[in-house]
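Thanks for making time. I have one chain to show today, and I will go from a loop residue to the whole chain and then to the pocket.

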Amino acid sequence: MASNVNPTVRRRRLGQELRKLRELKGMTAEEVADRLLVSQSKISRLENGRRSISQRDVRDLCGVYEVEDQKMVDSLMEMARDSRQQGWWHTFGDIPYSVYIGLESAAQSLRVYEPQLVTGLLQTRAYAEALVRGALPETSTAEIDKRVKVRMRRQERVTDESTPLRLWVVLDEAALHRVVGSKLIMREQLEHLIELSNLPHVTVQVLPFEVGAHPGLNGQYAILEFADAADSSVVYLEGVTSDLYLEKAPDVQKYAVMYEHLRAQALPVEQSQQFIQDAAKRFAQ
């Protein structure tokens, strides 16, 4: 990137501002779309930050909303220009989850529940490669290599001493038993997990089978939070062909409460580390 501006976050903030202007004008997305002769879905994607926005789009929308404050228009135009910059992940070409990477790169803290696997930010290279190869059997070697390289690059946020990502992970016990790659890869992975869990900004808890039914049975999710109050928290749900981003306060709050229950039901940190150590020893046999 040419600057420290995160294009994903810039798009998101810009979309929020444009939504506010539309609502102040008392217009629906459909009405705006009719005025500009575009689809309603385009207006929705611009407002939720999922689509790149041009300065022409901003100019046209400000015209529809009759924005008279030129400083505001100029500020929105600048945000549009910044939002079209390239993030580090763009150098890897087309990445299906690039929106999430942009959000993760800007997040101050991340809470993850993972029911099946060691979460991506804590994976070793060997584990990540075996995982991608197994999960996407028809994927080319080049594509697998690209995905692994992106994952390793994302992990720099975890080890960055200047602005580390505050990471809290609740792992289901299943993630410690599922053999990804080989027993050797699993032992190295679990030892790596213990090492990273000793970092002051990383917390790992294990949710044992004996807990039984719990709020995370519907699957994996992550809650991203940001330092700037203007950037609302996001719940990320990963899908096979598409991902879901929840940003409405009631939705985020519901998942946050679920996460508190998961943390309460999981083993304490020290017991979790011992649990992982015991699992690693079994793979050494």
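Please start with glutamate 66, which sits in the loop joining α4 (55–64) and α5 (70–83). Before going further: this is a predicted model. The phi angle of glutamate 66 is near 55°, a positive value in a residue that is not glycine. Is glutamate 66 buried or exposed? Its relative accessible area is 54%, and the cut-off for exposed is over 50%, so glutamate 66 counts as exposed.

Leucine 37 is another case of a positive phi outside glycine, with a value near 60°. Leucine 37 also belongs to a loop, here the one between α2 (29–36) and α3 (40–47). Its relative accessibility is 77%, so leucine 37 is classed as exposed.

Next, a residue within a helix. Glutamate 188 is part of α11, which covers residues 183–197. With a relative accessible area of 39%, glutamate 188 is partly exposed. Which residue has its C-alpha atom 7.8 Å from that of glutamate 188? That is threonine 124, and the two are 64 residues apart along the chain.

Now the chain as a whole. There are 13 helices and six strands. The C-alpha trace spans about 70 × 40 × 35 Å along its principal axes. Of the 285 residues, 47% are buried. If we take contacts with a separation of 6 or more, 75% of them join residues 24 or more positions apart.

On the surface, the chain exposes about 14,700 Å², and 49% of that comes from carbon and sulfur atoms. As for charge, I have 37 positive and 40 negative side chains. The centres of those two sets are 3 Å apart.

Last, the pocket. The largest one has a volume of about 1,000 Å³. How many residues line the largest pocket? The lining has 32 residues, and those nearest the centre are Arg147, Arg151, Tyr236, Glu238 and Gly239. The elements contributing two or more residues to this lining are three helices and a strand: α6 (98–106), α7 (125–135) and α8 (141–154), together with β1 (109–114).

To recap, glutamate 66 and leucine 37 are both exposed loop residues with positive phi. Glutamate 188, in α11, is partly exposed. The pocket to look at on screen is the one with Arg147 and Arg151 among the residues nearest its centre. That is what I have.

Technical notes:
Residues are numbered from 1 along each chain as its sequence is written. This is a predicted model: local features need pLDDT of at least 70, side-chain atom pairs count only at pLDDT 80 or more; totals for chains, interfaces and linings use all residues. Side-chain values use heavy atoms; hydrogens and water are left out. Helices (H or I, at least four residues) and strands (E, at least two) are DSSP runs, numbered from the N terminus. Buried means under 20% relative accessible area, exposed over 50%, partly exposed in between (1.4 Å probe, protein chains only). Contact means heavy atoms within 4.5 Å. Accessible areas come from the Shrake-Rupley method with a 1.4 Å probe; for residues, only the protein chains shown count as cover. Lys and Arg count as positive and Asp and Glu as negative; His and the chain ends are not counted. The place of a charge is taken as NZ of Lys, CZ of Arg, CG of Asp or CD of Glu. On a 1 Å grid over the protein atoms alone, a cavity is a set of points where a 1.4 Å probe fits but cannot get out, and a pocket is an open set with protein on both sides within 12 Å along at least five of seven lines; lining residues have an atom within 4 Å of a point. Grid points are joined across faces, edges and corners, and a volume is the space filled by probe spheres set on the points.
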